[in-house]
Structure formats: C-alpha cells, structure tokens
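Please open the structure in your viewer and keep the selection tool at hand. The tour proceeds by selecting one part at a time.

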Protein chains: 2
Amino acid sequence: MKRLRLDLITKRWVILTEENNSFSEIPNQQAQTDPADCPFCLNNESMTPPETDADRPGDGRPNSPGWLTRTVPNKFPALDNKAELRKEKEGIFEKQKGFGFHEVIVETPDHDRMMADLSQEEISRVIKAYRRRFISLAKDKRFKYILIFKNHGLAAGASLEHTHTQLICLPIIPKRVTEELDCAKAYFNRNNQCMFCKIVEKEREEKIRVVSENEDFIAFCPFFSRSPFEITILPVKHRPDFSKIKPGEIKNLSAILKDLMAKLGKVLGDYPFNFLIHTSPVNSQNRTSPLDNFYHWHIEFLPKLGEIAGFEWATGSYINPLLPEEAARRLNAT
Amino acid sequence: MKRLRLDLITKRWVILTEENNSFSEIPNQQAQTDPADCPFCLNNESMTPPETDADRPGDGRPNSPGWLTRTVPNKFPALDNKAELRKEKEGIFEKQKGFGFHEVIVETPDHDRMMADLSQEEISRVIKAYRRRFISLAKDKRFKYILIFKNHGLAAGASLEHTHTQLICLPIIPKRVTEELDCAKAYFNRNNQCMFCKIVEKEREEKIRVVSENEDFIAFCPFFSRSPFEITILPVKHRPDFSKIKPGEIKNLSAILKDLMAKLGKVLGDYPFNFLIHTSPVNSQNRTSPLDNFYHWHIEFLPKLGEIAGFEWATGSYINPLLPEEAARRLNAT
C-alpha cells in the first residue's frame, strides 16, 4: 500500500510505501541489464504491464514489436491508481491513501543509446509521446499535477539503464510547484508582466549565459544556478502549458535539446542528470486569477556533479562553485 | 569572491563562488589523507588558520597540541567575512556580496575515529564546543542565522575524512528556516501550544517510532520521514534555543547520540549521514510575536541511503520506501 503523509514542519507531502517492508539497507545498484532481460527492449513487451501508448509507424498490434516509443504503467509505481482519494487525520498528523498514477515512457527500442544519442527526429517523437500521455491523463479530474521527468545515471536516481522518462500524476499540487506559482503570480501582480518572459528578455539582451537558442526556445545557465552547468530551457513566447506545444515548437525544442546535450557531453562526458518539465497544474484553473497570464512552462536540466549535504538540507540554499557565466562560456567553447 | 544571488522562482538564496573559476568537472574524491598531511591532526595545527576555540585541559598555548576539540576558520569558506553587507539589483535580479563566516570544529585529535566511535564524554565536549562558538559568534549583529551541521562520508558531501562539524554564519534567515518558523507560528496561533511539544507528547504516547529517550531528549523516526532511518531528536521540554542548553542536558543529549549511533551502526554499518541543528535565528527576536513561544530547537539526523532525483527536485516531495514505524522496529531490534 502507498500512503501520503504531510510533513507538519515544512508542509510537504511525503510518499511512503509499505510493500511488505522489503527495503534493504544494501545500496541501490543500477541494473546493468542484458538486453535479453530488459523489459524496455524490443521483443520483451510482455515483461511490462500492457502499454498505454506507442508510436508504431507500421500500425502493428499493441504490445508487439515495431514501436519507436512505448509507454507503460510503472511496474513499481510510487502511487497506486486504485486507492481512494480522501484526507484523514491521525491525531496531530495528516495523511491520505497514496492515490496517483505512474508511467514509464521508453524513448527508443535501442538498449545501448542514451537520450543524447537520439537524432533530433527521435527526440521529437519522445516529446510527442510526452504530450499525448499528458493530454490523455489530464482528463482524469482527480489529478491536480502531472510531472514528466527523467533521471539519467545511477547518481541521479535512475534504476534501469535503458533510456526512459517517467510520468507521475499527483492528486495534489506539490509544494515546489505552489512556491513557483506564488512567486510568478506575485511578480505578475507587481509588474503586469510574466516573470519568465522578462527573464527571456534579459538573457537575450545580455547573452553571457545563453547556451543555445532558436525562434521558439532559449537554453541558458540561470543567473541563480544552484549547481554547475544547470540549464533552464524557456519557450521564447509566453506559453503557460507544455501540453499545448505546437508541432513546429516540438521540432525547435528537440533541436535545442540535441545541441545542448552535445555541448554538455563534450564538457562532461557521460554525466548523470535530471530533466524536469515544470508546467501548469491540471484541473486547477482559477477564473479570477488566470494562471495562463502569469505562468510560463519550462525545462530544468540538472547535471548531477555534487552531493546535497547538510548545508543544503538545513537551509534550502545551495553552494555553487561555478559561476553560470563561466559554465556558459565553457559550453560555448566546445 | 563570494556572491549571493536570489532565485526569483523559488526565493532561495544561492551562494556562488568565483575563485579563479577553478571548478573541475572531475567528480569530487574524499581525501584519504595520511595523518601526517591532515590539517585536523595533532601537531599539524599550523596547517589551519589560527584557532578560534579549543578545549585544551592542560592550558597549553593556542595552536599547539594538547587539545581535545579545536575550532578553526574554514580554509575554503563558503562565505567571506570581509565582504560588505548590501543588497544590489542587476535588472530583474537581486544579489549581494557573499558576507558570512565559516568554521570547522574538529571533534577529536584522532584521525581514525568517527563521531560514532567517540565516548559519551567526548561527544559532550563536542556539543560544548558548538555552544561556545554559537554564543560567541551570535554577538555579531550582522549575522541572522547560525547553522551547525555535519556531513559524514563522501556521499553525504564530506570532503575531509578526519571527523569534523561545520558552522556557518549567514546574513539572512534561509528559506527552509523561514518555512519552519512560519509553520510553527501558524500552529501556535491556532492551538496555543508549541507544535514540537505536541509531537513529543504524541511520540511518547504511541512509542512505535521512538528509538531512544531520556528525561531531556527523545529520538524518533518522524511520522513523515522522507528517507529510510531519518531521525529527529527533540528536547522533551520546551526549548527554543540550542545555545541555552544546560550542562545536564548536554550530558543527556550526548547519551542519546551515542545510543542512536550505536543502533544505526548495527543496522547500516558505516553509512554516510548529515546531522543538522535547527535552532532559532539570532539577532531577530520580535517582541510582538516572540519566537520563544512557538519554536523548539531540534536535530535532524539523515542517513544518506538514496539519491535526490527528478521527482524530488520537481516537487519538493520525497518517496520513502521504508515506513518510519518499521525503521524504528529494526533499530530497536539491535
């Protein structure tokens, strides 16, 4: 069973699991799977739960080979789509059953290629898969936030080697998202302008932190980077909602990702990273203060080069040994 | 030079450094120092900046051997005590010079013992060193928060092997602390009781998450643990300020720490961990809403057994594969 418990001290929800308490103290090892045993490889479709989406140009049967991207429910989900949605009290504490949904988007049938090895066209197919699943899952009104994220490498939390992205549907708007919405709304109310549009303007003007850009997207090392080579990717035009991305924008986003990963690879080799899409909550529009005015979706791309330590846990602040201007200079020198 | 930059999107401060941009992409390695080259070893006192505190029972000269604990300014500080304290604007962005102070408290002259190996009396000496430095540094009115924390093991961010604690003085109250104060204040205003006192009461009543306790302190796996074997240590009586800890309480705290680390060691072996003291801000008392009423200092003890991944970065939430009740059961079965 999955449970959500509210941290009284910071107001964040924690997801707890009690699968016969099988947690082992032995540190996690990334499965260096043989493609023959890999559930994400071609011809192993029966090793996953039945697919929910696939890009299958030859129009074959579901759960058969012939796909280019394939989405399946996570076999070990963080949340359970059968739980009820109800908050409960336990004395001073708040909890609820761990309702939600958790999928895996397999980015390519090839076991040995990572996202950075995919062609621009293949990356476009992956983004289209993200969009299809997002739109489909957002129809369930019980979901309040849909998170698309990718962990690459053991140090960034990936447990399977075959390149994939995760999608989690949450029954709550998580704290980090609420914080971001609150900051963006406050900025909009003060300045009658979207904070992210203003950041795009500033970065294009100064140029010193930009790593890649085209007419639809800009990738840069943010002014307040918390770790070396942190990258933000913003749509250049005001775009609140990832799922409304247009076909031409998908092409331009995949071009930026391809260029960015090539530059990062030249500087860092095969490095662990996290890739997150920050977008508007679903089923939560507020007519009196429309989210669409003040929010702007974006991607956070975080190479994992250091550890979160005591200082970061205690303060929520970060110590970054590399200025973003210097990180951008190194990436652009490749 | 050190700089603070404000993250516009989350309102956290980031500390940036630009020491001739010497950051290297090669992953950090813990220095497996030979005691002969270790700046924290006996007879190597000249390898550190001049000491600011020492427990030297024989009353020897400063910076000579004969000490049991020794505090020195950090040779590679995160913040610079010579910078000015002034906020500046850079267009849309906010920044300030990186003013602050950063010390290292060497817990024992012995290179080969870790904190868990120290006797109860030795741990008491370490806590007394924390208190002396806290009280002395809090006299500088420019400091708003003093953080005492310890990283043990490379995976928890320690860069030197010889056991030590860090102390950082900040010119701001960091975001994570403000959040905690706000939650505690809101709870107090609603219930006319300290939230932490209420948690102590609940844990003592239920017993199922308690790992160690005596008349002054209680250690337990919190109801909303975000990672396996996370521990909170709370003073049993209402105590807002770590630096006011009494001699008898120091003795009882060191007894709890000794017992706790013995139990954790039996279950986890030599595991990486972070140890943080959460206490009231300094030089920030507010007469109309006295912090002393609603806040209660405590210790967070976080074994590092997994990685922060995309889900955690994006949501501020955590996925914990071990229920705190089961973690406490395993620790108590030792």
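The stops below go from the two chains to a shared sheet, then to a helix and a hairpin.

**The two chains**

Please note at the outset that this is a predicted model. Colour chain A and chain B separately. Chain B is superposed on chain A by a rotation of 180° with 0.0 Å of shift along the axis, and the RMSD is 0.0 Å. This is the relation of a two-fold axis. Which residue of chain B comes closest to the rotation axis? Select B:I308, whose C-alpha lies at 3.9 Å from that axis. Now consider the interface: 100% of the interface residues of chain B are also interface residues in chain A, so the copies meet through the same surface.

**A sheet with strands from both chains**

Next, select the strands β5, β6, β1 and β2 of chain A, together with β15 of chain B. These 5 strands form an open sheet in the order β5(A)-β6(A)-β1(A)-β2(A)-β15(B), with mixed pairing. At the edges are β5 (87-90) of chain A and β15 (318-320) of chain B, each of which pairs on one side only. Neighbouring strands of this sheet are turned by 30° against each other on average, direction ignored.

Strands of a sheet pair through backbone hydrogen bonds, either parallel or antiparallel. For an example, zoom in on β5(A) and β6(A), the latter covering residues 93-97; these two strands pair in the antiparallel sense over 4 bridges. Select A:E88 and then A:K95, its bridge partner in β6(A).

**Helix α4 of chain B**

Now select residues 247-268 of chain B, which make up helix α4 with its 22 residues. From its first C-alpha to its last, α4(B) reaches 31 Å, close to the 32 Å expected at 1.5 Å a residue. Just after α4(B), B:G269 takes a positive phi of about 70°.

Which residues of α4(B) are buried? Among them are B:L253, B:I256, B:L257, B:L260 and B:L264, and the polar-named selections B:N252 and B:S254 may be added. What covers the buried residues of α4(B) includes the helices α1 (120-137) and α7 (324-332) of chain B. The strands β10 (210-213), β11 (217-220), β12 (231-235) and β14 (298-303) of chain B are also included in this cover.

**A hairpin beside the helix**

Finally, select two of these covering strands, β10(B) and β11(B). They form a hairpin with 3 residues between them, and they pair in the antiparallel sense over 3 bridges. To see one such pair, select B:S212 and its bridge partner in β11(B), B:A219.

Methods:
Residues numbered from 1 in each chain as written. Chains lettered and ligands numbered in written order. Predicted model: local features only at pLDDT ≥ 70, side-chain atom pairs only at ≥ 80, totals over all residues. Pairing = 2+ DSSP bridges. Axes fitted to C-alpha atoms, helices over the stretch in contact; angles between N-to-C directions. Expected span 1.5 Å × (residues − 1). Buried ≥ 20, exposed ≤ 12 C-beta atoms within 10 Å, placed from the backbone. Contact = placed C-beta atoms within 7 Å. Least-squares fit on C-alpha atoms with pLDDT ≥ 70 in both.
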